[in-house]
Amino acid sequence: MRGAIWVLGIFAAVWGAIGLSPLGLPAMAVPVAISVILIGWASRVALPERGAAETRRIGRLIAIWSSIQGVAIFATFVLCPRLGIPDAAVPILAIIVGLHFLPLARGIPVQVYYATASAMIAVGALALLMPPTVRYAATGIPCAIILWASCMTLIARGRRLMVA
């Protein structure tokens, strides 16, 4: 669970930086700071640990779906410019990332990942309907918030499991 919080926090910072990139470097540091604080807080909270076999199974599942996601992301960043729609790449990226949470939600299982997936897919789809000049912000900022919310949900869930 702690590893998931780290990964979600790091990618939330990346999405936030993408969303704030038109404002320059100082603004892009804000989501990084938020993620550092969130990860720091999570490191001080007692969370349940998984057994070695379960950790290996989840690691394989994540590796498979992250590899598929990586191929789709690569294709997106190759094809969008060639099709004359480079500004569509980031919203499509959100859709791809959202889709990759669906098999993880079922396979790990982590119920909150269904909400994470649905929200990221919706953000990406809605951003594609917006003018190209606002797509980075319309995608990056909401995706960062979605991932931070997912982190906080995992932390709260972990704390409940430790109390029970």
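A residue is classed as buried when its relative accessible area is under 20%. In the predicted model described here, leucine 154 has a relative accessibility of 3% and therefore counts as buried. This residue is found in helix H6, and its surroundings are described below after the overall architecture.

The protein contains 6 helices and 0 strands, arranged along the sequence in the pattern α-α-α-α-α-α. Its radius of gyration is 16 Å, close to the 15 Å that the globule rule gives for 164 residues, so the protein is as compact as a globular protein of that length. The C-alpha trace spans about 50 × 35 × 20 Å along the principal axes.

Buried residues account for 38% of the 164 residues. The exposed surface of the protein amounts to about 8800 Å², of which carbon and sulfur atoms supply 75%. When contacts between residues at least 6 apart in sequence are considered, 73% of them join residues at least 24 apart.

Leucine 154 provides an instance of contacts between residues distant in sequence. Leucine 154 and isoleucine 5 are separated by 149 residues in sequence, yet their C-alpha atoms lie 7.3 Å apart in space. With residues up to four places away in sequence left aside, leucine 154 touches Met1, Ala4, Ile5, Leu8, Val110, Val112 and Tyr113. Isoleucine 5 is thus named both in the C-alpha pair and among the residues touched by leucine 154.

Attention was next given to the open space in the model. Rolling a probe the size of a water molecule over the atoms reveals where empty space remains. The largest pocket holds about 660 Å³ of space. This pocket is lined by 31 residues, and those closest to its centre are Gly3, Ala4, Val7, Ile62 and Tyr113. Ala4 and Tyr113, listed here close to the pocket centre, also appear among the residues that leucine 154 touches.

Several helices contribute to the lining of the largest pocket. Helix H1 (2-20), helix H3 (52-82), helix H4 (89-107) and helix H6 (135-163) each supply at least two lining residues. The largest share, 9 residues, comes from H1. By class, the lining comprises 22 nonpolar, 5 polar and 4 charged residues. Helix H6, one of the elements that supply this lining, is also the helix in which the buried leucine 154 is found.

Technical notes: Residues are numbered from 1 along each chain as its sequence is written. This is a predicted model: local features need pLDDT of at least 70, side-chain atom pairs count only at pLDDT 80 or more; totals for chains, interfaces and linings use all residues. Side-chain values use heavy atoms; hydrogens and water are left out. Helices (H or I, at least four residues) and strands (E, at least two) are DSSP runs, numbered from the N terminus. The radius of gyration is taken over C-alpha atoms; the globule rule is 2.2 Å times the number of residues to the power 0.38. Buried means under 20% relative accessible area, exposed over 50%, partly exposed in between (1.4 Å probe, protein chains only). Contact means heavy atoms within 4.5 Å. Accessible areas come from the Shrake-Rupley method with a 1.4 Å probe; for residues, only the protein chains shown count as cover. On a 1 Å grid over the protein atoms alone, a cavity is a set of points where a 1.4 Å probe fits but cannot get out, and a pocket is an open set with protein on both sides within 12 Å along at least five of seven lines; lining residues have an atom within 4 Å of a point. Grid points are joined across faces, edges and corners, and a volume is the space filled by probe spheres set on the points. Ala, Val, Leu, Ile, Met, Phe, Trp, Tyr, Cys and Pro count as nonpolar, Asp, Glu, Lys and Arg as charged, and the others, Gly among them, as polar.
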